[in-house]
Amino acid sequence: MLNKKKVQPIYGESGDLMAVLISAEKWLKHQNQLEKILFGEPADPPASPEPISDWNRFLSYWDFNYPIEKSTRCKNCGSSTEDWTEDAPRKFTLRNANMGGLVVFKCRNCNYLVRKKHFKDHTYYESSPSSCQV
């Protein structure tokens, strides 16, 4: 539960301050100013590194009935690639991969999240906005 200031410090097991949680209301109200303070000019935060180790772990346990495919496509804007790992510049950024068969990308063209769901005998694509729309 947030305190009256709508700010909640988050501490790790050793008691060190790890992060600070602010309410969505406060973030949305002051987002531009906070991004400038936190990330400098321009207001865009630096790109986070892709979790390639998660992708490699997913591949190491591959047991589906079809060959590994590195193609990706966004149902929102139509952007696509035959091999997301080889694009320069990248059309998609890997956000998550798990051994259950879910691989999530962020489309660099429209910023939608692209979920590629691997089932035993086929893949299925979904696309949705990357953040909630208020």
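I take two strands as paired if DSSP finds at least two bridges between them. The model I examined is a predicted one.

**Entry 1: strand pairing.** I applied this criterion to strand 6 (residues 102–107) and strand 7 (residues 112–118), and I found five bridges joining them in an antiparallel arrangement. I then looked up Val104 and noted that its bridge partner in strand 7 is Arg115.

**Entry 2: the sheet.** I traced the sheet to which these strands belong and recorded four strands in the order 5-6-7-8, forming an open sheet with antiparallel pairing. Strand 5 (92–97) and strand 8 (123–129) each have a single partner strand, so I entered them as the edges, with one side of each left without a neighbour in the sheet. For the turn between neighbouring strands of this sheet, I noted an average of 25°, direction ignored.

**Entry 3: the helix on the sheet.** I found helix 2 (residues 52–60) packed on the sheet, where it touches strand 5, strand 6 and strand 7. I recorded an angle of about 65° between the direction of helix 2 and that of strand 5.

**Entry 4: the whole protein.** I listed two helices and eight strands, and from the N terminus on I read the element order as β-β-α-α-β-β-β-β-β-β. Of the 134 residues in the protein, I noted 22% as buried. I put the accessible surface at about 9,500 Å², with 53% of it belonging to carbon and sulfur atoms. Among contacts with a separation of 6 or more, I assigned 33% to residues 24 or more positions apart.

Note on methods. Residues numbered from 1 in each chain as written. Predicted model: local features only at pLDDT ≥ 70, side-chain atom pairs only at ≥ 80, totals over all residues. Heavy atoms only, no water. Axes fitted to C-alpha atoms, helices over the stretch in contact; angles between N-to-C directions. Contact = heavy atoms within 4.5 Å. Buried < 20%, exposed > 50% of the residue type's maximum accessible area, 1.4 Å probe, protein only. Areas by Shrake-Rupley, 256 points an atom, 1.4 Å probe, with all protein chains shown as cover.
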